[in-house]
Amino acid sequence: MLTTFNRMRSFPLWTNSVLSGILLALSFPGPPIVFLQWIYHPYWAYCALIPLLYALTQCNSRTAFHLGWLAGITHNLLSLYWVAYTQGGGPAVVGGTFLLAFYLGLFTSIWSWIFNKAYQKWHSLSLSLAPVVWAAIEYALSLGELGFPWLLLGHGHAGQIQFVQFAAFTGVYGVSFWIVAINILLLACIYGENHLRRYWIATTVISFVVPWLYSSWVIQSDAPSKESIRIALIQPNQRLEDKWGPNGLENSLTKLQDISFNTLSKKPDIIVWPETALPCYLQHSSYCQNRIREFVNTANVPLLTGASHYNSSTGRPFNSAFFIKPNSPDLPSYAKMHLVPFGERTPYRDVIPFLRSIDWTKWTGDLGPAEFSPGVERVLFDHPKGQLGTLICFESVFPDLVRRHVLSGAQVLINITNDSWFGFSAGPYQHALLNAMRAIENRVAIARSATTGQSLFIDRFGRQFQQSNLFVETSLIREIKLEKSGSFYTRFGNFFAWICSLITLVILVISHKKTNTTS
């Protein structure tokens, strides 16, 4: 393979990085523009890393770091362009989008650096380590208050349910491992030694056939569930100025109630309103609370809705979900546990004192962090049909957080979100797709209610139903199964990612020792 790599020498190495970044971006949902839709497809991911892998075999470690960074920046800029489009932000939000791409690109550069170090020591054998290191790096990207595992390779494949059912064992990190492994195999098929080409082609075919056979078997062997819940999702399509401007509460209540009353003829077991559907502190506003209880009692259907909740101990609000039952004085709530960094909370402000004094509105206009308090308690809502787990917006991005909801007893997950900030862009579609991977990982159904879209239902195998369009007023009603068992991933968590992380650590230690011995 070393000699045949020379066939690719006709272009500068940096073009390989840019090409890989472009192909990675094309494997995720793109702008909702009709004439561009044919370009975007998850299958690009199978070959996206090939140009970069070649470049990493032709340079030193320092250059490898920069080449990986360039690929990562390109990928993240093209995929997350919609962050700069966020409504209410100033020019600094555009600058922040570039900073985000530079930060996330570092993870690709670290992978590139580790792979290059391994390649210098073990040459072609190191290609087999590339998927392991990639999975470990993605796992690291999901950790901490700055965690942002939005563009994990496996997330782009959440809709390819015919291949990725094994995520119920490995989580999304196993899917990413599989995709990188296919890149390695295709690279070997194209540029490997002629006498081994049949072996590589056969192995590549098997790498597709085995996941396909397993996924087909799992889906076809699904047993009918005796327990289900009928959910009505409300998508009010409220503009920001309508909700937060003059008479915003009345505007919101009127629209949400009118749409909800129209669903009662289909006998829902629960009505779901999206994130921050009510522009009030529900627990502390007697007027708002009375209006909601009046609606719920009249409809005689439980309601799950997003609203703010005041944290009296810190003086900061919670981004919360409330569950209101007919003729019940109780008002249980769940506070969002993982807040959007720099959108809802300044990361690490509790441990780095000077961060608390920064006035972000000077830089970002209306989009300065609201400085919400993070929730600390995992709350399940007790519906007569079963236990409901709630994911508020950004929380659906984090595999371990979702897994712990199911492990705690959630029989169905309800994702409430407000993606109206991102306009008519790829953002809402990417965000909705992530839920499909969470459903597969935990073998649990998910219902998603979004302010302006995309609202939809997802079954335990990631199949998506009744996807709404963006910026339309609508309601969706469907009966979905209640689950009890969860999955291997639910019970044992990121076991696969931990193994990959341990192997990566060993690679680094051995590589470092060999470097010192050589010197």
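The exercises below walk through parts of a predicted model, each with a worked solution.

The structure is a predicted model, in which local features need pLDDT of at least 70, side-chain atom pairs count only at pLDDT 80 or more, and totals for chains, interfaces and linings use all residues. Residues are numbered from 1 along each chain as its sequence is written, and side-chain values use heavy atoms, with hydrogens and water left out.

**Exercise 1. Determine which strands pair with β5, and in which sense.**

Begin with the terms: helices (H or I, at least four residues) and strands (E, at least two) are DSSP runs, numbered from the N terminus, and two strands pair if DSSP finds at least two bridges between them. In general, strands of a sheet pair through backbone hydrogen bonds, either parallel or antiparallel.

Step one looks towards strand β4 (residues 303-311), which pairs with β5 in the antiparallel sense over nine bridges, with L303 standing opposite I324 of β5. These two strands form a hairpin with four residues between them, and in that turn G315 has a positive phi of about 80°.

Step two looks towards strand β6 (residues 333-335), which pairs with β5, again in the antiparallel sense, over three bridges; here S320 stands opposite A335 in β6.

Step three asks how covered strand β5 (residues 316-324) is, where buried means under 20% relative accessible area, exposed over 50%, and partly exposed in between (1.4 Å probe, protein chains only). Strand β5 is mostly covered, since nine of its nine residues are buried.

**Exercise 2. Find the order of the strands in the open sheet and name its edges.**

The sheet has six strands in the order β7-β8-β9-β10-β11-β12, and their pairing is mixed. The edge strands are β7 (380-383) and β12 (464-465), each of which pairs on one side only. At the β7 edge, four bridges join β7 to strand β8 (residues 386-392), the two running antiparallel, and F381 stands opposite L388 in β8.

**Exercise 3. Describe the surroundings of T74, and say whether T74 is buried or exposed.**

First place the residue: T74 belongs to helix α3 (residues 61-79). Next consider its cover: T74 is buried, because its relative accessible area is 13%. A polar atom of the T74 side chain lies 2.8 Å from the backbone oxygen of L70. Finally, with neighbours within four places in sequence left aside, T74 is in contact (heavy atoms within 4.5 Å) with V18, G21 and I22.

**Exercise 4. Trace the surroundings of E483, and identify the network to which E483 belongs.**

E483 lies in the loop between β13 (474-481) and α15 (488-492), and E483 is buried, because its relative accessible area is 10%. The contacts of E483, apart from neighbours within four places in sequence, are A410, Q411, R443, V444, A445 and R460. The side chains of E483 and R460 are joined by a polar contact of 3.2 Å, a term for a pair of N or O atoms within 3.5 Å, where within protein one must be able to donate a hydrogen and the other to accept it, and residues adjacent in sequence count only if both atoms are side-chain atoms.

The next step needs the salt bridge, defined as a side-chain nitrogen of Lys or Arg within 4 Å of a carboxyl oxygen of Asp or Glu. A search of the whole structure finds 14 salt bridges. One of them joins K481 and D222, with the closest N and O atoms 2.9 Å apart. This pair links distant parts of the chain, 259 residues apart, with K481 in strand β13 and D222 in the loop between α8 (197-220) and β1 (228-235). K481 is partly exposed at a relative accessible area of 27%, and D222 is partly exposed at 24%.

**Exercise 5. Follow the salt bridges that reach helix α10.**

R291 forms a salt bridge with E250, the closest N and O atoms being 3.1 Å apart. R291 lies in helix α11 (residues 286-299) and E250 in helix α10 (residues 248-261), so this pair ties together parts that are 41 residues apart in sequence.

The side chains of E473 and K255 also meet in a salt bridge, 3.5 Å from N to O. E473 is in the loop between β12 and β13 and K255 in helix α10, 218 residues apart. To complete Exercise 4, salt bridges that share partners join D222, R460, K481 and E483 into one network.
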